[in-house]
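Visitor: I would like a close look at a single part of this structure. Please begin with that part and then work outward from there.

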Amino acid sequence: MIAVLFAGSAEAQRRRTPAKKPAARPVPMKTEPAQVECPESLGTGVRTGASYCFVLAGRDAAKGVIVAIPPHTGTATLSFHLHNRHTYSAEDVKAGRGYSKYTAIIGVLTMDNQLLSRGAVQSEFRTAADLFKRISGGAGPSGVKAVAPIGDEQVVVTIPADVNQVSLLGEVLDATTAAGHETATPGRTVAIVSDVKVEYRPAPAAKKK
């Protein structure tokens with residue numbers, strides 16, 4: 001009789017104990033084009049429609065290319081393509097003065113000017129085939145701009161969990177062109193960026209009070 005009562009008591013206890021909820025699945029990573037504030041735009045690619053933005057030399061993060069990082073859990077990853085800036089002249093190429101060489105370095109900074117990482121690109125120009133893309137909106141017969149991106153380096157940067165904005169600022173320009181030797185001075189174009197993306201794990205929505 002006692003055994004029967006004990007078994008019944010145990011069965012009742014199991015019924016009263018709530019079942020454990022399954023562990024919550026982690027929020028999946030998300031990759032999307034970043035929101036970019038471009039202080040000076042080069043324009044869009046003729047065939048792709050991709051946007052190209054000048055990265056200017058400077059020391060104030062507020063004056064750089066500002067990239068928004070969505071609210072995220074853990075670190076996020078910022079990626080973009082970095083190019084040199086070249087002014088194309090068919091006349092210079094025909095005259096044998098078309099050769100140019102470029103080295104550009106930019107910094108990725110927090111908005112309080114803390115350096116997170118750097119990106120660099122180096123390229124050489126000899127003929128029009130060396131141009132990475134042509135940009136629409138020019139005044140010439142073909143409707144393209146003389147200024148064009150050259151070279152292509154992908155830059156990948158880890159963004160800390162507490163950072164929601166970063167700035168891209170030019171640091172170093174070493175260019176040899178038909179016009180002579182060029183270096184970075186404040187406000188001058190150092191490089192060009194395109195295809196700016198961010199990968200992140202979205203932060204949970206704030207609970208309503």
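Which residues form a disulfide, and how far apart are their sulfur atoms?

Guide: The model is predicted, and the values below are computed from it. The disulfide joins Cys-38 and Cys-53, whose sulfur atoms are 2.0 Å apart. The pair counts as a disulfide because the cut-off is a sulfur distance within 2.5 Å. By that rule the count is one disulfide. The link of Cys-38 and Cys-53 is right-handed, with 105 degrees about the S-S bond. It connects distant parts of the chain: Cys-38 sits in the loop between strand E2 (35-37) and strand E3 (41-44), while Cys-53 belongs to strand E4 (residues 51-56), and the two are 15 residues apart.

The two cysteines can also be described by accessibility. Cys-38 has a relative accessible area of 29% and is partly exposed. Cys-53 has a relative accessible area of 6%, so Cys-53 is buried. The cut-off behind these words is under 20% for buried and over 50% for exposed, with partly exposed in between.

From Cys-53 we can move to the second largest pocket. Strand E4, which holds Cys-53, supplies at least two residues of the lining of this pocket, and so does E12. The second largest pocket has about 210 Å³ of space and is lined by 13 residues. Among the lining residues, Val-36, Ser-51, Tyr-52, Asp-195 and Val-196 lie nearest its centre. E12 gives the largest share of the lining, five residues. By kind, the lining residues divide into eight nonpolar, three polar and two charged.

One of the residues nearest the centre of that pocket, Asp-195, deserves a second look. Asp-195 is found in strand E12 and is partly exposed, at 40% relative accessibility. Its phi is positive, about 50 degrees, although Asp-195 is not a glycine. Most residues other than glycine have a negative phi. Asn-113 is another residue other than glycine with a positive phi, near 70 degrees. Asn-113 lies in the loop between E7 and strand E8 (115-125), and with a relative accessible area of 36% Asn-113 is partly exposed.

Next comes the largest pocket, with a volume of about 260 Å³. Its lining has 19 residues, of which His-86, Thr-87, Tyr-102, Thr-177 and Glu-182 lie nearest its centre. Strand E6 (76-87), strand E7 (100-110), strand E10 (165-177) and strand E12 (189-200) are the elements that give two or more residues to this lining. E12 therefore appears in the lining of the largest pocket as well as in that of the second largest pocket, where elements are runs of helix or strand numbered from the N terminus. The lining of the largest pocket divides into seven nonpolar, seven polar and five charged residues.

Two loop positions show how parts of the chain meet. Pro-28 is in the loop between helix H1 (2-16) and strand E1 (30-33), and with a relative accessible area of 60% Pro-28 is exposed. Pro-28 and Tyr-200 are 172 residues apart in sequence, yet their C-alpha atoms are 8.7 Å apart in space. Leaving aside residues up to four places away in sequence, Pro-28 touches Tyr-200, Arg-201 and Pro-202. Asp-130 is in the loop between E8 and strand E9 (147-159) and is partly exposed, at 30% relative accessibility. Asp-130 and Gly-151 are 21 residues apart in sequence and 7.8 Å apart in space, C-alpha to C-alpha. With residues up to four places away again left out, Asp-130 touches Glu-124, Phe-125 and Ile-150.

Finally, the chain as a whole. The chain has two helices and 12 strands, in the order α-β-β-β-β-β-β-α-β-β-β-β-β-β from the N terminus. Of its 209 residues, 34% are buried. Among contacts with a separation of 6 or more, 76% are between residues 24 or more positions apart.

A word on confidence is needed too. The mean pLDDT of the chain is 89, and 86% of the residues reach 70 or more. Over residues 1-7, pLDDT stays under 50, and the model has zero contacts for them beyond four places in sequence. Where pLDDT is low, the predicted coordinates should not be read in detail.

How values were computed: Residues are numbered from 1 along each chain as its sequence is written. This is a predicted model: local features need pLDDT of at least 70, side-chain atom pairs count only at pLDDT 80 or more; totals for chains, interfaces and linings use all residues. Side-chain values use heavy atoms; hydrogens and water are left out. Helices (H or I, at least four residues) and strands (E, at least two) are DSSP runs, numbered from the N terminus. Buried means under 20% relative accessible area, exposed over 50%, partly exposed in between (1.4 Å probe, protein chains only). pLDDT is the predictor's confidence in each residue, from 0 to 100. Contact means heavy atoms within 4.5 Å. On a 1 Å grid over the protein atoms alone, a cavity is a set of points where a 1.4 Å probe fits but cannot get out, and a pocket is an open set with protein on both sides within 12 Å along at least five of seven lines; lining residues have an atom within 4 Å of a point. Grid points are joined across faces, edges and corners, and a volume is the space filled by probe spheres set on the points. Ala, Val, Leu, Ile, Met, Phe, Trp, Tyr, Cys and Pro count as nonpolar, Asp, Glu, Lys and Arg as charged, and the others, Gly among them, as polar.
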